[in-house]
Amino acid sequence: MAPGKGWFNLESGSSVIPDTSFFEGDSAFKAFNLSRTTRLYGFAGCLIAGFVLSLLGTVVFIFGMTILFAVLYILGTVVSLIGTGFLIGFFKQAKLMFKPVRVVASIVLIASIGLVLVGAFVLKNGILCLIFVFIEFLAYTWYTLSYIPYARAAVTKAVGLG
């Protein structure tokens, strides 16, 4: 198989640049008449809050609180994803998550969120929880890169896979 072809390079499925126009169409907050600047502040606020929650989760993990770690880390990820609703709307984001270019990353992200909770609540295994968090981080990063034209190709080339 030729380089850049196959299931790993989902971006090569079409020659169209991915849809990254965040402010076109309806926002989840259209009824509130929020300006673009206000929506950007909402997005940034959720992104920062999500990061702080995940960081706080990491701190409590150091003290051996695996369940609290899982809850805070997952909550941080979900808040970060909700922040995108300020830009493009929740329904549009759900549709975009399952476009062919990012469907694998989205499914792995959602599955890893569930697996982190299973690792903490059911298995009560901190190491397994960390492994699932690492997988979640990679899936979230890959998902995010899919919104930036040619970012995935640049990353795969940078790490020697492209």
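Biologist: Which helix gives the largest share of the nonpolar patch?

Modeller: That is H4, with four residues. Before we go on, please note that this is a predicted model, where local features need pLDDT of at least 70 and side-chain atom pairs count only at pLDDT 80 or more, while totals for chains, interfaces and linings use all residues. Residues are numbered from 1 along each chain as its sequence is written, and side-chain values use heavy atoms, with hydrogens and water left out.

Biologist: Thanks! How many helices and strands does the chain have?

Modeller: Helices and strands are DSSP runs numbered from the N terminus (H or I, at least four residues, for helices; E, at least two, for strands). Here there are six helices and zero strands, so from the N terminus the order reads α-α-α-α-α-α.

Biologist: Back to the patch, then. Which residues form it?

Modeller: A patch joins residues with over 30% relative accessible area and no salt bridge (a side-chain nitrogen of Lys or Arg within 4 Å of a carboxyl oxygen of Asp or Glu). Like charges are joined within 9 Å, and nonpolar side chains (Val, Leu, Ile, Met, Phe, Trp, Tyr) within 5 Å. In this structure the nonpolar surface patch consists of Ile67, Val71, Leu115, Val118, Phe121, Val122 and Leu123, together with about 560 Å² of accessible area, by the Shrake-Rupley method with a 1.4 Å probe and only the protein chains shown as cover. H2 and helix H4 (103-122) are the elements giving two or more residues to this patch.

Biologist: Take one member. Is Val122 buried or exposed?

Modeller: Buried is under 20% relative accessible area, exposed is over 50%, and partly exposed lies in between (1.4 Å probe, protein chains only). Val122, in helix H4, has 61% relative accessibility and therefore counts as exposed. Across the chain of 162 residues, 33% are buried.

Biologist: At what angle do H1 and H2 pack?

Modeller: Axes are lines fitted to C-alpha atoms, for helices over the stretch in contact, and angles between N-to-C directions run from 0 to 180 degrees. Helix H1 (residues 36-62) packs against helix H2 (residues 66-88) at about 170 degrees, with the axes 7 Å apart. That makes the two helices roughly antiparallel, a label for angles over 145 degrees (under 35 is roughly parallel, 65 to 115 roughly perpendicular, and the rest oblique). Their contact has 18 nonpolar, 11 polar and one charged residues.

Biologist: Which residues can I click on to see H1 and H2 come together?

Modeller: Try Leu40 in helix H1, which is partly exposed at 42% relative accessible area. Its C-alpha atom is 7.0 Å from that of Phe86, although 46 residues separate Leu40 and Phe86 along the chain. Then try Gly85 in helix H2, buried at 0% relative accessibility. From Gly85 to Phe43 is 42 residues in sequence and 7.6 Å in space, C-alpha to C-alpha.

Biologist: And the loops: where is Lys124 found?

Modeller: Lys124 is in the loop between H4 and helix H5 (126-145). Its phi is positive, about 50 degrees, although Lys124 is not a glycine. With a relative accessible area of 58%, Lys124 is exposed. Tyr150, in the loop between H5 and helix H6 (151-158), has a positive phi of about 65 degrees, although Tyr150 is not a glycine. Tyr150 is exposed too, at 57% relative accessible area.

Note on methods. Nonpolar A, V, L, I, M, F, W, Y, C, P; charged D, E, K, R; others polar.
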